[in-house]
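Colleague: Got a minute to walk through this model with me? I'd like to start with one residue and work outwards.

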Amino acid sequence: MKKYVFILFLTAISITAQAQKGSKKGQGNDKEKAEEPIDYTENFATVNNIINTLYDVVSGKKDEERDWKLFKLLFHSDAKLITAGRNNEREFQVKFMGAGDYVKSSSKWITSNGFVKKEMRRKTEEFGRMAHVFSSYKTYNTEDENKEDSEMRGINSIQLLNDGERWWILNIYWTQETWLNPIPAEYLD
């Protein structure tokens, strides 16, 4: 009888030790730890927050990774990013992209060159659950915002929707300033 109790005791210790070993797996190893989800709720809570986040998330120093996950979360699943202007052959063109398309086409250049986008002036109009933001901007390849001249200036026309829980960007349509099409004084800083 003592023999059976002893064997049962050893078996229980063995099972307990193995269970503890299995539960400790990954606890001391950062690579195996699951990342805690980031709470982005505040980024979408107001029109101002979502527009500020839009500018912040694309801006950064050369070789500084951007939070493209957050960028994509700003946009409704059917949102469009629309750019208009003249191509190298001086032909006017319009390009439509989803948020993922924008990341694919722009993220490498933005990260490898450094890209800072600063808002100059904003005009916001809201009605019910919709908002429209006219936002003029200037961009730099560095964070030197005290430079005399920016690399580019333009205007974003941003349409937003509040679904009752948060704000979403539905569309951004932007065009750059040219000598033929200067930004009106009312949209300059």
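Modeller: The side chains of Ser-135 and Tyr-55 are joined by a polar contact of 2.5 Å. A polar contact here is a pair of N or O atoms within 3.5 Å; within protein, one must be able to donate a hydrogen and the other to accept it, and residues adjacent in sequence count only if both atoms are side-chain atoms. Before going on: this is a predicted model, so local features need pLDDT of at least 70 and side-chain atom pairs count only at pLDDT 80 or more, while totals for chains, interfaces and linings use all residues. Residues are numbered from 1 along each chain as its sequence is written, and side-chain values use heavy atoms, with hydrogens and water left out.

Colleague: Which other side chain does Ser-135 join in a polar contact of 2.6 Å?

Modeller: Glu-119, again side chain to side chain.

Colleague: And where does Ser-135 lie, buried or exposed?

Modeller: Ser-135 lies in strand E4. Helices (H or I, at least four residues) and strands (E, at least two) are DSSP runs, numbered from the N terminus. Ser-135 counts as buried because its relative accessible area is 0%; buried means under 20%, exposed over 50%, and partly exposed in between (1.4 Å probe, protein chains only).

Colleague: What is Ser-135 in contact with, leaving aside neighbours within four places in sequence?

Modeller: Tyr-55, Glu-119, Arg-121, Arg-122, Gly-154, Ile-155 and Asn-156. Contact means heavy atoms within 4.5 Å.

Colleague: OK, zoom out. How many helices and strands does the chain have, and how do they run?

Modeller: The chain has four helices and six strands. From the N terminus on, the elements run α-α-α-β-β-α-β-β-β-β. Of the 189 residues, 33% count as buried. Taking contacts with a separation of 6 or more, 55% are between residues 24 or more positions apart.

Colleague: Which way do E1 and E2 run, and how many bridges join them?

Modeller: They run antiparallel, and six bridges join them. Two strands pair if DSSP finds at least two bridges between them. Thr-83 has Lys-95 in E2 as its bridge partner, and Leu-81 stands opposite Met-97 in E2. Five residues sit between the strands in the hairpin of E1 and E2, where Arg-90 takes a positive phi near 70°.

Colleague: What about E1 and E6?

Modeller: Those two run parallel, with six bridges. Ala-84 stands opposite Thr-175 in E6.

Colleague: Now pockets. How much space lies in the largest pocket?

Modeller: About 1000 Å³. Of the 35 residues that line the largest pocket, Thr-83, Ala-84, Met-152, Trp-174 and Gln-176 are the closest to its centre. For the terms: on a 1 Å grid over the protein atoms alone, a pocket is an open set of points where a 1.4 Å probe fits, with protein on both sides within 12 Å along at least five of seven lines, and lining residues have an atom within 4 Å of a point. Grid points are joined across faces, edges and corners, and a volume is the space filled by probe spheres set on the points.

Colleague: What is the lining of the largest pocket by class?

Modeller: It has 19 nonpolar, 12 polar and four charged residues. Ala, Val, Leu, Ile, Met, Phe, Trp, Tyr, Cys and Pro count as nonpolar, Asp, Glu, Lys and Arg as charged, and the others, Gly among them, as polar.

Colleague: Different spot. Is Trp-68 buried or exposed?

Modeller: Trp-68, in helix H3 (residues 68-73), is buried, with a relative accessible area of 12%. Not counting residues up to four places away in sequence, Trp-68 touches Val-58, Tyr-102, Val-103, Ser-107 and Ile-110.

Colleague: Last one. Where is Thr-178, and which backbone nitrogen does its side chain reach?

Modeller: Thr-178 is in the segment after E6. The side chain of Thr-178 reaches the backbone nitrogen of Asn-181 at 2.9 Å. Thr-178 counts as partly exposed because its relative accessibility is 39%.
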